[in-house]
Amino acid sequence: MLEKSKIDIENEQITNNDREIVVDKIITPGQLVMKRFVRNKLAIIGMVILVSMFLISFIGPFFSPYGEYQIFFQKDGAELTEDIVNYEDENIKVLIKAPPSSKHWLGTDRDGRDTFTRLMYGGRISLVIGFVVVAIELFFGIILGGIAGYFGGVTDNIIMRIVDIFFCIPFLPIVLILSSALITLDVDGSKKIYYLMLVLGILGWAGVARLVRGQILSLREQEFMIATEAIGLKPRKRIFKHLIPNVMPQLIVIATLGVGGIILTESGLSFLGFGVPFPFASWGNMVSAVTDPIILKGYLYIWIPPGICILTTVMGFNFVGDGLRDAFDPKMRR
């Protein structure tokens, strides 16, 4: 009896182990996507880069002893700050282009401000612009693309012709004209940043709308959509509760890659003088210091750090976007 009991116990253990193995193999689609994403080494490197940049840009300024606009002075080799400087003293000079030191890790810029502090604040503005612009693009693209793909016919033709018009709009001339108009109207610098985000978002939604429309055209004739029509769901619920969620994986990838593209666009516009206005800091207008040949050759610590931040951040977003694209691909092996 004792031996039989041992055999029964062993059989039960084997059965329990088999059950555990079966349970381990049953995972949800979300867990499967996460598993694929974690196995992608470049995607993990991209996540580490992005988390580091977010911490530096949004948490770092709280630990900085200097302000974003604080100017430093010097007198007889001693460093002075604005609150104790005597502007009538002829021996006092602005501490411009100072080399890196223990007080200023990346030196000071051509205006006498701490480069590392402005680098952190600049990252905050560049990242916020990227996310806000992508959010605007997704908002208009999802709504108009969803309506066009679901209803089709005349509605689809009208929306797609509007999309074609936006694709034909020359991006750079429009941005330059609007920026010149804002300068002529003497618009406040902080408001100009909001206008910049709005313009970039409105000019960029057409691609999202076309993708959403194409995906919905292929989904609306499937069985689950016929079932939603049979039970009498309203078109609004069919679009935003059943069709759009099935397009979300593609939208997530587009958004991830789009943020990096917007950061590059903002940097290019700021470099040309039509992006984030002075004295606000962004990585783009910090890199614009290279327009001065003297800074380009002799003061690398002023423009190389923001350039590295732009490069690594965009690379991080691209790594994460590629990892998400592979993770959402149903053809990928488990």
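In this report, Ala, Val, Leu, Ile, Met, Phe, Trp, Tyr, Cys and Pro count as nonpolar, Asp, Glu, Lys and Arg as charged, and the others, Gly among them, as polar. The structure described here is a predicted model.

## Pockets

With those classes, the lining of the largest pocket comprises 8 nonpolar, 6 polar and 5 charged residues. The space in this largest pocket amounts to about 310 Å³. Its lining has 19 residues, of which Arg110, Phe278, Asn285, Met286 and Ser288 are the closest to the centre. Two helices, H4 (115-151) and H11 (283-287), each supply at least two residues of the lining of the largest pocket.

The second largest pocket holds about 160 Å³ of space. Among the 13 residues that line the second largest pocket, Phe63, Ser64, Pro65, Trp105 and Phe116 are the closest to its centre. Helix H3 (41-63) and H4 are the elements that give two or more residues to this lining. The largest share, 3 residues, comes from H4. By class, the lining of the second largest pocket is made up of 6 nonpolar, 5 polar and 2 charged residues. Helix H4 thus appears in the lining of the largest pocket and in that of the second largest pocket.

## The sheet

Strands of a sheet pair through backbone hydrogen bonds, either parallel or antiparallel. In this model, 3 strands form an open sheet with antiparallel pairing, in the order S2-S1-S3. The edge strands, S2 (78-81) and S3 (93-94), each pair on one side only.

Strand S1 (residues 72-75) is joined to S3 by 2 bridges, whereas S1 and S2 pair over 4 bridges. Glutamine 74 stands opposite lysine 93 in S3 and also opposite glutamate 79 in S2. The hairpin of S1 and S2 has 2 residues between the strands, and aspartate 76 in this hairpin takes a positive phi near 55°.

## Aromatic pairs

A pair of aromatic rings is described by the distance of the centres and the angle of the planes. Over the whole structure, a search finds 10 aromatic pairs. One pair is formed by phenylalanine 139 and phenylalanine 140, with 5.3 Å centre to centre and 85° between the planes, an edge-to-face arrangement. Phenylalanine 140 is partly exposed, at 33% relative accessibility.

In a further pair, the ring centres of tyrosine 150 and phenylalanine 151 are 5.1 Å apart and the planes lie at 90°, so this pair is edge-to-face. The planes are over 60 degrees apart, which is why the pair counts as edge-to-face. Tyrosine 150 is buried, because its relative accessible area of 16% is under 20%. Phenylalanine 151, by contrast, is partly exposed at 46% relative accessibility. An aromatic cluster is formed by Phe54, Phe58, Phe131 and Phe317.

## Salt bridges

The search of the whole structure also finds 7 salt bridges. The following table gives three of these pairs, with the distance between N and O atoms.

| Arginine | Aspartate | Distance, N to O |
|---|---|---|
| Arginine 213 | Aspartate 156 | 2.7 Å |
| Arginine 161 | Aspartate 164 | 3.0 Å |
| Arginine 325 | Aspartate 326 | 3.8 Å |

The pair of aspartate 156 and arginine 213 links distant parts of the chain: aspartate 156 lies in helix H5 (residues 153-168) and arginine 213 in helix H8 (residues 206-219), 57 residues apart. Aspartate 156 is buried, at 7% relative accessibility, while arginine 213 is partly exposed at 24%.

Arginine 161 and aspartate 164 both belong to helix H5 and are 3 residues apart, about one turn of the helix. Arginine 161 is partly exposed at 44% relative accessibility, and aspartate 164 is partly exposed with a relative accessible area of 24%. Arg161 and Asp164 are also linked with Arg210 in a network of salt bridges.

For the remaining pair in the table, arginine 325 is partly exposed at 46% relative accessibility. Its partner, aspartate 326, is partly exposed with a relative accessible area of 26%.

Conventions. Residues are numbered from 1 along each chain as its sequence is written. This is a predicted model: local features need pLDDT of at least 70, side-chain atom pairs count only at pLDDT 80 or more; totals for chains, interfaces and linings use all residues. Side-chain values use heavy atoms; hydrogens and water are left out. Two strands pair if DSSP finds at least two bridges between them. Rings of Phe, Tyr and Trp (its six-membered ring) pair if their centres lie within 6.5 Å; planes under 30 degrees apart count as stacked, over 60 as edge-to-face and the rest as tilted. Buried means under 20% relative accessible area, exposed over 50%, partly exposed in between (1.4 Å probe, protein chains only). On a 1 Å grid over the protein atoms alone, a cavity is a set of points where a 1.4 Å probe fits but cannot get out, and a pocket is an open set with protein on both sides within 12 Å along at least five of seven lines; lining residues have an atom within 4 Å of a point. Grid points are joined across faces, edges and corners, and a volume is the space filled by probe spheres set on the points. A salt bridge is a side-chain nitrogen of Lys or Arg within 4 Å of a carboxyl oxygen of Asp or Glu.
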